[in-house]
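Here is a colleague's note to read alongside the sequence and the model. Please keep both in view while going through the points.

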Amino acid sequence: MQIDKNHINKLLKQKPPFLFVDFAETSEHEPNKITAFFSLKKSNPILNGHFPSEPVLPGVLFAEMIAQTALILITHNAKILDNSNYKAFIARIKDVNLKNSVIPDCNITIKVEVNDSILENFYEASGEIYEAEELKCSGEITLYFKASES
């Protein structure tokens with residue numbers, strides 16, 4: 001199933017320029033996996049001041065991309081309709097390995113697998129980020145997620 005930008009804007013609290021997913025795809029056959037896509041433009045204000053003569057995506061944003069992609073899947077699977085119905089944050093970043101830089105004016109693919117943690121309301125996510133089918137980053141994060149009481 002494809003999740004478009006309008007739906008993502010309803011699901012996530014992050015907004016441009018700090019929203020790093022344009023659309024995503026899930027499969028009913030693999031409900032704990034999601035693939036997201038983001039087009040990184042040189043004009044993106046998040047790049048201002050980060051090596052202005054040779055812009056490059058800040059490495060810390062790779063973890064944010066994995067987190068946002070995981071959160072789309074978590075909210076989608078929990079049938080959350082809008083971003084006012086939950087609280088979420090990154091609880092841990094582990095083993096994030098940057099393989100190579102990402103230069104703007106490219107398309108990024110973010111592949112994430114989300115699993116429940118042994119702790120209630122925590123989710124373990126492992127992700128990989130690709131540009132032109134080249135692995136740029138891999139890592140694991142833990143997300144806290146709690147839906148609001150209805």
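The numbered points below go through strands, helix, core, cysteines, a proline and charged pairs in turn.

1. The model discussed here is predicted. This should be kept in mind throughout.

2. A good place to begin is strand 5, which covers residues 106-116 and runs antiparallel to strand 3, residues 30-40, with eight bridges joining the two. Within this pairing, A36 is found opposite I110 of strand 5. Strand 5 is also joined to strand 6, residues 122-131, again in an antiparallel arrangement, this time through nine bridges. In that second pairing I108 faces E131 of strand 6 across the strands.

3. The turn that connects these last two strands deserves a look of its own. Five residues lie between strand 5 and strand 6 in this hairpin, and one residue there, N121, takes a positive phi near 70°. Another positive phi, of about 60°, is taken by K79, which comes just after helix 2.

4. Helix 2 itself spans residues 60-77, and its 18 residues reach 27 Å from the first C-alpha to the last, which is close to the 26 Å expected at 1.5 Å a residue. Is this helix enclosed by the rest of the structure or left open? Of its 18 residues, 16 are buried, so helix 2 is largely enclosed by the rest of the structure.

5. Which residues of the largest nonpolar core touch the most other members? The core has 38 residues, and those with the most such neighbours are L40, L57, M65, I72, I108, V112 and I129. Two or more residues are given to this core by each of helix 1, strand 3, helix 2, strand 5, strand 6 and strand 7, the last of these covering 134-147. Helix 2 provides the largest share, with 10 residues.

6. One of these core residues, I129, can be followed through its contacts. Setting aside the neighbours within four places in sequence, I129 is in contact with F62, M65, I66, I108, T109, I110, E134, L135, K136 and C137. M65 and I108, which appear among these contacts, are also listed with I129 among the core residues that touch the most other members.

7. The cysteines call for a separate remark, and the count of disulfides comes to zero. Why do C106 and C137 not form a bond? The closest cysteine sulfur to that of C106 belongs to C137 and is 13 Å away, which is too far for a bond because a disulfide needs the two sulfur atoms within 2.5 Å. C106 counts as buried because its relative accessibility is 8%, and C137, at 0% relative accessibility, counts as buried too.

8. P104 sits in the loop between strand 4 and strand 5, and at 7% relative accessibility this proline counts as buried. Leaving out the neighbours within four places in sequence, P104 has contacts with L40, K41, K42, L47, P55 and V56. The C-alpha atoms of P104 and P52 are separated by 11 Å, although the two residues are 52 residues apart along the chain.

9. Turning to charged side chains, the structure holds five salt bridges. One of them joins K5 and D22, with 2.9 Å from N to O. K5 belongs to helix 1, residues 5-11, while D22 lies in the loop between helix 1 and strand 2, 23-27, so the salt bridge ties together parts that are 17 residues apart in sequence. K5 is partly exposed at 28% relative accessibility, and D22 is partly exposed at 22%.

10. R92 and E124 form another salt bridge, their closest N and O atoms being 3.0 Å apart. This pair links distant parts of the chain, since R92 is in strand 4, residues 86-98, and E124 is in strand 6, 32 residues apart. R92 has a relative accessible area of 34% and counts as partly exposed, as does E124 at 26% relative accessibility.

11. The side chains of E30 and K33 also meet in a salt bridge, at 3.3 Å from N to O. Both residues are partly exposed, E30 with a relative accessible area of 38% and K33 with one of 34%. Finally, E131, E134 and K136 are linked in a network of salt bridges; E131 is the residue that stands opposite I108, and E134 and K136 are among the contacts of I129.

Definitions and conventions: Residues numbered from 1 in each chain as written. Predicted model: local features only at pLDDT ≥ 70, side-chain atom pairs only at ≥ 80, totals over all residues. Heavy atoms only, no water. Buried < 20%, exposed > 50% of the residue type's maximum accessible area, 1.4 Å probe, protein only. Pairing = 2+ DSSP bridges. Helix = DSSP H or I, 4+ residues; strand = E, 2+ residues; numbered from the N terminus. Salt bridge = Lys/Arg side-chain N within 4 Å of Asp/Glu carboxyl O. Expected span 1.5 Å × (residues − 1). Contact = heavy atoms within 4.5 Å. Core = buried A, V, L, I, M, F, W, Y, C linked by side-chain atoms within 4.5 Å.
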